[in-house]
Structures are given as structure tokens and as C-alpha cells.
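Student: Please take one strand and look at it closely. Then set it in its chain, and say what else deserves a look.

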Amino acid sequence: MRGLDEESIEELRWEIRLHGRGGQGVVTASKILAESAFAERYHAQSIPFFGAERRGSPVMAFTRISEHEIRERSQIYTPDCVLILDPLVMRVLDVFNGLKDGGGVVISTSSRISDEILPDISLTLVVVDGVGIALKKDLLVAGNPVVNIPVIGAFLRVFPHIGIETVEKVISEKFKRNSKRSVKALYSAYESAEVLKIRGKKRAEKVYSKKPGKIWIPASKPVVGVAGKTGYWRDFRPVINYSRCTNCLNCWIHCPEGSIRRENGEVVIDYDYCKGCLVCLSVCPRRAISSEREVFA
Amino acid sequence: MTEKLLTGNQAVAQAVKNSRVGVVSAYPITPSTPVVEEIAGMVESGEMNARLILVESEHSAMSACIGASLGGARAFTATSSHGLAYMHEMLHYAVNARTPVVMAVANRAIGPGWNIWADLSDSMSQRDTGWIQIYCESNQEIYDSIAMAYRVAEHEDVLLPAMVCYDGFVLSHTSMPVKLDDLSEFLDEYEAAWRVDFDNPSTHGNITPPDYFMDLRREVSRSHERALKIMDRVEREFFETFSRKTPLIAEHYRLDDADTAIVAAGAVSSEAKIAVDNLRRNGIKVGLFRIRCFRPFPVRHTIRALDGVEKIYVFDRSVSIGSEGQMFQEVKSAFYGLSSPPEIYGCVVGLGGRDVTSMVFEKTVMGEIEPGWIGEVIV
Amino acid sequence: MKLSEIPAEEYLLEGNSACHGCGSSMALRTVLKALGKRTVLVVPASCTSVYQGMYPGSAIAVPVVNSAFACSSAVASGLKASLEHQGIDANVVVWAGDGGTYDIGLQALSGAAERNEDILYICYNNEMYSNTGIQRSSATPFGAWTTTTVSGKKEHRKDVAELMMAHGIPYVATASAGYLDDLYRKVRKAKRIEGFRYIEILTPCPPGWRYSMERTVEVAKLAVETGMWILYEYEHGVLRLTGVSRAIAAGKKKMKDVQEYLLLQGRFSHLSSAEIQEIRKYIAERWKKFADVRGGEHAVAAEFFV
């Protein structure tokens with residue numbers, strides 16, 4: 001990212017693309033960044049990209065920060081920095097698409113980032129355990145950890161143009177009396193984020209391609225996984241202890257997803273699509289289902 | 001084949017029956033109400049084999065027609081004015097849903113200043129919804145147009161809804177002789193493109209993301225382009241079947257050697273023909289280009305028909321407020337970029353049922369009345 | 001009934017885009033199992049129009065017609081007439097949210113009910129416009145926070161199931177995502193009845209109601225146990241409480257205090273004790289009307305089962 005490498009700064013202008021899943025606060029993060037930049041007297045723009053998905057599925061947002069008026073109204077295709085609120089999004093989307101050489105990547109994850117998943121360009125990588133911080137600071141919405149504030153905190157480590165106190169002020173105004181936990185998470189992430197410089201080979205820039213399609217009748221065919229492998233939406237994994245299970249079928253009938261199957265006289269969870277809502281755990285009369293924090297290898 | 005003295009609305013009802021429509025759904029509004037009354041009578045007596053759904057609003061009437069069309073039945077409704085405006089959302093819906101519903105529109109002004117009389121503003125203001133629009137001059141043309149509209153709308157290269165428009169009262173309540181041809185030779189059974197199929201189910205009309213939506217709209221637009229070709233063919237086949245020349249895209253009236261042309265649509269164009277005859281008697285070389293199909297707009301037909309004409313007067317019985325008459329806009333736009341285009345003038349006449357006589361056309365062509373908003377009823 | 005009697009076939013396919021712990025998708029799964037293969041679903045704008053997935057895929061394995069917001073009842077009327085005209089037998093079923101039922105779709109619903117169209121209308125009521133991001137509807141209960149009632153809704157909700165009874169249709173029932181066996185039984189019954197049928201299901205929404213996603217069933221059950229939601233069937237002019245509501249009316253089960261229900265949900269977290277008292281009063285009055293006046297005798301006299 002220009003500015004990061006403290007090279008010559010001719011055109012002060014940054015484009016940031018945020019990736020995450022619904023419910024994680026991607027759009028809010030984009031807004032907080034823009035509002036904070038604005039408070040620092042920059043021109044700023046925050047664009048949400050709403051897919052048609054619900055909580056849990058991949059979403060995108062874009063933030064532009066500039067010293068000059070911003071005339072673009074389009075999405076960001078060649079970002080200076082990508083913020084990844086959830087590493088699972090990397091499995092369904094090319095989150096690094098168009099990222100500029102020397103750009104920045106902020107990832108919220110508790111595991112190590114292997115080099116293979118990163119693009120072949122030189123970049124500044126910032127890693128923060130957003131979920132861990134959210135759980136520790138009790139930042140939950142509808143039971144899901146909210147990782148947007150930790151990611152902003154981590155981003156601020158490498159983006160000197162917005163002061164953390166400015167962001168604190170923006171968060172306090174935005175969330176009012178509920179802002180305390182967010183502010184704590186912000187500082188915790190800022191302090192614990194790990195910054196790495198990575199040197200890669202230059203690679204050709206890919207452009208977004210549109211699928212060709214001739215539509216005659218707007219009708220769709222039934223398919224399992226219309227929203228992708230929704231198993232990746234999981235933060236917690238339900239696990240059946242078969243020694244306690246009586247096959248009462250309460251988990252089966254109540255699974256909102258239909259991800260519990262009746263097979264040969266027992267219930268089986270389809271982890272490809274189970275979103276990890278844990279309704280099954282709550283309706284099990286024998287406490288035969290427990291939950292584990294999900295770690296995708 | 002029988003010939004009867006029928007009002008425009010009765011002609012519609014007869015055409016709907018003879019087109020073997022399966023589901024009719026409608027809500028009454030003046031001046032199209034008698035269409036549904038006629039159909040209700042025929043359904044009750046068993047003369048017509050259709051399901052009639054008497055809904056609680058025009059929005060629901062169009063919705064029921066869309067449902068019926070998706071279910072595989074030929075569907076029909078009739079409305080006017082506020083009823084058409086109330087349907088607006090579902091007019092768009094019927095287009096993208098690819099449901100070839102046919103609707104009769106007895107054209108009427110939109111209030112307030114409640115006004116039940118003839119004015120094409122109701123259908124003209126729906127011109128961007130993607131419906132095929134056909135305008136009629138006589139009750140015979142109304143009868144023929146309903147059948148022709150189904151032929152075009154249901155064609156596999158088109159699959160779009162169509163409205164057949166005719167001036168309220170001037171045609172809807174005026175009796176004229178109508179030949180009631182047996183339409184079965186001309187119109188086959190409806191074959192729906194999408195089907196309720198329990199063994200091979202599909203979901204109609206779910207979310208279509210940016211990756212696909214523009215292509216979907218592009219297809220709708222292409223279907224409109226194709227519709228003009230199909231209309232040409234349907235016009236010919238209609239003549240071959242019934243030996244009656246009913247234009248579907250446009251009518252050329254004494255245009256061959258004309259240096260001046262009138263462009264009009266709907267009932268007023270019949271008065272324009274009188275004016276053309278009178279002016280011709282006085283040696284003035286004038287003709288009429290009567291637009292039957294306003295959507296898709298026949299750009300090439302217009303240029304070809306008016307090639308060599310020096311002056312064009314376009315008469316709209318409607319207006320796009322803040323701009324001009326809609327037909328005037330289209331005709332001007334058709335000639336854009338051509339070398340030595342004709343002079344084109346626009347006239348707004350007959351709003352809210354103000355009578356339009358042949359004299360208005362004559363005096364305008366003679367230069368005795370300034371084009372623009374022409375309010376006088378000249379007798 | 002035994003849960004094993006419910007068919008294993010899935011018509012709502014996994015991997016759709018419903019939220020974690022979605023009460024509506026939970027109910028739809030059961031509804032489709034009860035309806036079976038020969039079903040056409042008409043879905044107006046609502047959460048389901050989103051979680052069924054995007055072109056060219058769909059998460060629903062029966063034919064579906066998506067409709068505009070206000071007109072699902074009219075589209076279904078046309079569809080049914082069309083299929084009947086061609087001699088095709090099918091369950092034509094509207095699956096609409098409370099926005100599409102209580103508010104923008106009410107006129108078309110009333111019209112179709114009055115015409116006694118042969119369709120089954122199912123309202124999944126999550127007590128707000130969830131699809132557009134949690135705004136008030138006329139089904140939102142008193143006191144509930146939504147993004148358009150930031151200090152809590154000032155009015156009590158209206159009751160469309162009651163309104164449907166006033167239309168004199170052959171079958172009206174309420175259900176809850178907390179009692180899916182009861183829902184299954186009611187849909188099976190409605191499927192066999194001719195004419196216009198109306199079933200309304202309370203389907204809690206974790207992000208909208210602000211409770212933790214695994215508690216959907218618990219919340220849906222508590223709504224019934226505290227009297228906030230009453231389970232009943234109305235058939236041929238006779239109203240009969242069912243399940244837990246019936247047990248409460250018969251004195252075989254004690255009604256829980258509504259506070260237990262309210263405390264679980266963030267949307268009620270701001271309520272003052274006076275406002276909670278107002279909700280208690282509302283429950284008592286409504287309960288009296290249902291349990292004592294309209295359904296009391298039948299409910300108490302009939303045999304008890306949950």
C-alpha cells in the first residue's frame with residue numbers, strides 16, 4: 001500500500017476492499033473507516049455491495065479515502081488493501097483479485113497463514129485473531145462473534161493516516177452506550193496484530209470477468225448448495241455423541257438447514273452444509289450433541 | 001362467419017371468447033367495464049369455457065393473469081386509466097416473467113379532475129414497461145387485434161405481453177359492424193414456455209444477480225426487435241386466412257406521392273383520413289401514416305413510409321408532461337442522423353375526451369392552425 | 001405423533017442462504033414435507049425469496065412462482081384457476097411473510113379469502129420486515145425494537161388469523177416453529193380441505209429478535225407457554241385450542257410469565273416494568289377472548305393432548 005512503504009506519496013489516495021460474511025459487520029467496518037478518514041479531513045466514500053444473501057454468506061464493501069474529491073461510484077477492482085474479516089471467504093472468492101503490488105492484506109484468523117494462499121506479489125500482511133478478541137470482549141450479535149472492530153484495529157497498525165483515537169471517537173458516537181466493548185476490542189487488536197512483510201513475484205493482473213448468459217425464461221433448477229458450501233459459515237461445530245443418542249429425531253426435524261440426515265437408523269450431520277447454528281444442540285433432550293469452535297484446516 | 005353491430009367492448013369480449021382464453025381476471029373501470037360484463041355473461045351461460053376470477057383490484061387482476069399464464073392457460077384482462085396505472089408494477093412483472101397475457105385497454109384520461117373520456121395518456125405512459133402496444137381505429141380492428149396480439153405475444157421468439165388499445169367511448173361504447181371470423185384457423189392452443197412440472201421442478205423468477213440480469217433485459221429488448229418481424233408475418237397470415245387487410249404495424253394511407261404526411265394513432269386517425277381525402281380533392285398531396293404498433297416502435301417502417309415527404313405533422317392524443325407528445329418524440333428520433341430529414345411538427349389534441357374532428361387536421365396542414373397544443377374543436 | 005412418521009424427503013435443500021437458526025426455513029422444511037411433491041409454492045418478496053437462492057439455482061425442490069410483494073394471493077388464484085382449467089391437480093400454496101400478509105398483501109389476501117379460492121395460504125410471521133433489515137410491521141408486538149421503532153413499538157399488533165376467521169373460510173390455524181409436529185399435522189389437515197385455508201406460523205428470527213441463534217425453538221416454545229402466541233384451529237366455525245395452549249386453557253399446564261420470553265430477546269431489552277405490565281395485560285385480555293369466550297368450552301371439554 002502506498003504510504004505503508006513510506007515511499008514517495010504523490011497522490012494520496014487509497015482504495016480498500018473488505019471481505020467477510022453477513023453478520024460480521026463488513027459494511028459497518030467500511031463505514032467506520034470512511035467516517036474516521038472523514039474526521040481526519042480526507043474525502044471518503046463507503047460503498048456496500050449487497051448480494052442477496054442472509055447472515056452468514058459472503059459480503060463485500062469498499063472504502064475509498066483520498067485527499068481529493070472522489071468521483072468514482074463503481075466497485076473497487078484494484079485495491080491498495082484488502083481486509084478479510086473471515087478467512088473462509090478465501091475458499092469461495094478470489095479475495096486478492098486485482099490487489100496492487102506492494103499492497104496490504106489484513107486477515108482475521110487464529111491460524112497461521114500459509115504462503116500458498118497469498119498472491120505472488122510483495123505485500124504487507126497483518127494477522128489478528130478477530131474471533132478470539134470478539135469472544136473475549138463479548139462482542140456477539142445473535143450469537144455470532146463480530147470481528148469487524150478487531151480487523152479495523154489491526155488495519156490501523158499499518159495505516160498511519162487515521163489515528164486510533166479518531167476511530168475510537170467514531171465508534172463511541174456510532175454505538176453510544178454499547179461502544180465500550182468495541183473500543184476495548186479495537187485497542188486489543190491494535191496491540192496484538194502481527195505485521196509481516198512478504199516479497200513475491202509480480203503476477204499478471206486478473207480482471208473480473210462476467211459470465212456470458214442468454215436468458216430466456218427466468219427459471220432456476222433446484223440444487224443442493226445454491227449458496228455454496230454453507231459449512232464454511234460455521235463458527236461452531238455440533239458433534240453427536242452416539243453413545244448418548246437415542247435417535248429421537250428432534251435434531252433432525254428442527255435443523256433449519258436440513259443438514260441432519262436419517263441414515264441407517266441414526267442421525268448424521270452433513271458438515272458440508274451445516275451452518276453451525278447449534279439449534280440441534282439446544283433441542284437434544286439427552287445432551288448428546290456438543291459444540292466445538294470450528295477450525296478449518 | 002357472422003357480422004354483428006357491436007361496441008368496441010363487445011368486439012373485445014367476442015374476440016376473447018373466440019381466442020379460447022382459459023382464464024379471465026378483471027376489475028371494473030369505466031369505460032372498459034362492459035368487456036368483463038359481457039365475458040361474465042358468456043361464462044355463466046356456458047357459451048365460453050373459461051375461468052373467471054373477479055378480483056378486488058387491477059393490481060390483482062394482472063397478478064392473477066400472470067399466475068394463470070405461468071400455469072399454462074391463455075390469460076386475459078381489460079382495464080382503463082387509473083386501473084392501468086394501478087397495474088404498473090405488474091406490467092413490468094409480466095414482461096420479465098415472459099407471460100404472454102393480452103389486455104384490452106379502453107383509453108381514458110387520468111385524474112384528478114375526474115375524467116372518464118378518451119385520452120391515450122394511460123397506455124402511452126406505460127410505454128417503457130416492455131408491453132407490446134397496438135392501437136385501434138375501428139371495432140373490427142379491435143376484434144382482429146386481440147387475436148393477432150395473442151399470435152405475436154405467444155410466439156416462441158417473442159413471449160411478451162401485449163395490450164390492445166382503443167379510445168374510450170369513441171370506440172368502446174360506439175356500435176359498428178364487426179365480422180366475427182372463426183379464429184380457430186388462425187390461432188392455435190397456447191403452449192406455455194414455463195411449466196408447473198412436479199417431476200422436473202423449477203423456480204420461476206428468483207433473484208437474478210448483476211451477472212445475469214442485464215442479459216435478461218437484453219433478451220427482452222431483442223424479443224421486441226424480433227416481434228416486428230413476427231408481426232409482419234402475422235399480418236400476412238391474417239390476410240391469407242380471412243381475406244381482410246388488417247394492418248398490424250402501420251397503415252399507409254394515400255402516402256405514395258405525398259409531400260406532406262399526418263402521423264396519428266387510434267380513433268383520431270380515422271378523422272385524419274377524412275381530412276386527407278378532402279385535402280387531396282383540393283390538390284394537396286397529403287397522406288396518413290397511421291401507427292398501429294407503438295411498442296416496439298417501427299423505426300424502419302416509419303422512415304420507409306415517409307421517405308421523400310417534406311413535412312410531417314404528428315398528432316398525439318396524449319402528452320409526456322415536461323416534454324411533448326410521445327409519438328412526436330419517436331418520429332423525430334426515427335429521422336435523426338438522416339441527410340435532409342423532413343420538417344416535423346407535433347400537435348397535442350383531444351385530451352380528456354375533447355372531440356377531434358377532421359377539420360383540425362385540414363387546418364393544421366393548410367397552415368391555418370399553429371402546431372402545438374390545439375384545443376379548438378373545429379366543426 | 002412420532003417424528004419418524006414425518007417423511008425423510010427434503011424439498012428445502014441444504015446449502016441455501018437462510019441465516020443461522022432461521023425459524024422460517026425450519027418451518028418451511030416441515031411444511032413442504034407435509035405437502036409433498038404435487039405442490040406449487042407462490043412466494044412474494046420476503047426472506048424466502050432470498051434464501052431460496054439466486055439464478056440459476058434454487059433451494060426449493062417443488063415448482064415455485066415468485067410474485068411481487070402485494071399480490072401472492074392473486075397470483076395463486078390465477079395459477080390455481082389455470083391448473084384447474086387444464087385438469088391438473090396440485091396444492092397451490094402461498095408462502096408469505098407477515099409484511100406480505102399483514103400489510104402490503106392484505107387486500108389481495110382478503111379478496112382471495114372472500115372468493116374462497118382453493119388455495120392454502122401460509123403466513124410465516126417473524127413479526128417484522130426481516131428481509132429489508134428489521135423494520136416494524138403491523139404484526140410487530142408492542143414494545144419491540146426494530147430499526148423503525150427505535151424506542152419500542154407503541155402499538156399492539158393486529159391479528160390477521162382472526163381477520164381470516166371473520167372471512168368465514170373453511171380452515172384457519174396458528175402454529176409455532178417450536179412445535180413442528182403440530183405444524184405438520186395442521187398442514188396435512190389443511191391439505192385435505194377444499195377452499196381457502198389460512199395457517200399462520202410464528203417463526204422467530206435470531207438477528208431480528210436479537211437472541212442467540214441456537215435458541216430459536218426455545219423462543220418459539222416460550223411464546224406459546226407464556227400466552228404471547230396462541231395455538232388453535234378454526235374449522236367450520238368452531239375454534240379449538242391445540243397443544244400447549246389447550247393444556248393451559250384446560251388448567252393442565254400453568255402459563256409462564258411473559259417476562260421469561262421477553263428477557264431472552266434483545267428487541268425487548270429496553271422495556272420498563274410498566275411496558276412489561278402492558279404486555280401482561282394484553283396477553284390476559286387476548287387469552288380471555290380466545291380461551292374463555294370463543295374456544296373455552298371446546299378446549300376444556302375436549303380430550304387433552306399435547
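Tutor: The answer starts with one strand, moves out through its chain, and ends with the partner chain.

This is a predicted model, in which local features need pLDDT of at least 70, side-chain atom pairs count only at pLDDT 80 or more, and totals for chains, interfaces and linings use all residues. Residues are numbered from 1 along each chain as its sequence is written, chains are lettered from A and ligands numbered from 1 in the order in which they are written, and side-chain values use heavy atoms, with hydrogens and water left out.

The strand is β7 of chain B, residues 162-167. Strands here are DSSP E runs of at least two residues, helices are H or I runs of at least four, and both are numbered from the N terminus. Six of the six residues of β7(B) are buried, so the rest of the structure largely encloses this strand. Buried means under 20% relative accessible area, exposed over 50%, and partly exposed in between, with a 1.4 Å probe and protein chains only.

Look at the two faces in turn. In a regular strand, side chains alternate between the two faces of the sheet. On one side of β7(B) sit B:Ala162, B:Val164 and B:Tyr166. On the other sit B:Met163, B:Cys165 and B:Asp167. Every one of these is buried, so both faces are covered.

Now the neighbours. Strands pair if DSSP finds at least two bridges between them. Strand β5 of chain B, residues 102-107, runs parallel to β7(B) and is joined to it by six bridges. Strand β6 of chain B, residues 132-135, also runs parallel to β7(B), with four bridges. B:Cys165 ties the two pairings together: B:Val105 stands opposite it, and so does B:Tyr135.

A helix links β6(B) to β7(B). That helix is α7 of chain B, residues 139-154, and the three elements make a right-handed β-α-β unit. Right-handed means that, with the strands pointing away from the viewer, the path from the first strand over the helix to the second runs clockwise.

Past the strand comes a loop. B:Phe169 lies in it, between β7 and β8 (176-180) of chain B. Its phi is positive, about 65°, although it is not a glycine. B:Phe169 is partly exposed, at 24% relative accessible area.

Elsewhere in chain B, helix α11 (residues 326-335) is also worth a look. Seven of its 10 residues are buried, so the rest of the structure largely encloses it. They are B:Gln326, B:Met327, B:Phe328, B:Glu330, B:Val331, B:Ala334 and B:Phe335. An α-helix has 3.6 residues a turn, so residues three or four places apart point the same way. Just after α11(B), B:Gly337 takes a positive phi of about 85°. B:Ser340 follows in the loop between α11 and β15 (343-348) of chain B. Its phi is near 40°, again positive in a residue other than glycine. B:Ser340 counts as exposed, at 72% relative accessibility.

Two cis peptide bonds also sit in loops. One joins B:Thr30 and B:Pro31, with omega about 0°. B:Pro31 lies between β2 (23-26) and α2 (33-45) of chain B. Another joins B:Arg295 and B:Pro296, with omega about -5°. B:Pro296 is placed between β13 (293-295) and α10 (299-305) of chain B.

Step back to the whole chain. Chain B has 12 helices and 16 strands. Of its 379 residues, 63% are buried. Its C-alpha atoms fill a box of roughly 70 × 50 × 45 Å along the principal axes. The radius of gyration of chain B is 20 Å, which agrees with the value near 21 Å for a compact globule of 379 residues. That radius is taken over C-alpha atoms, and the globule rule is 2.2 Å times the number of residues to the power 0.38. Among contacts (heavy atoms within 4.5 Å) between residues of chain B at least 6 apart in sequence, 79% join residues at least 24 apart.

Last, the partner. Chain A has eight helices and 14 strands. Of its 297 residues, 53% count as buried. Seven of its strands form an open, mixed sheet in the order β2-β3-β1-β4-β5-β6-β9. The edges are β2 (43-49) and β9 (194-198) of chain A, each pairing on one side only. Within this sheet, β1 (residues 13-21) and β4 (residues 81-84) of chain A run parallel, joined by four bridges. There A:Leu18 stands opposite A:Leu83.
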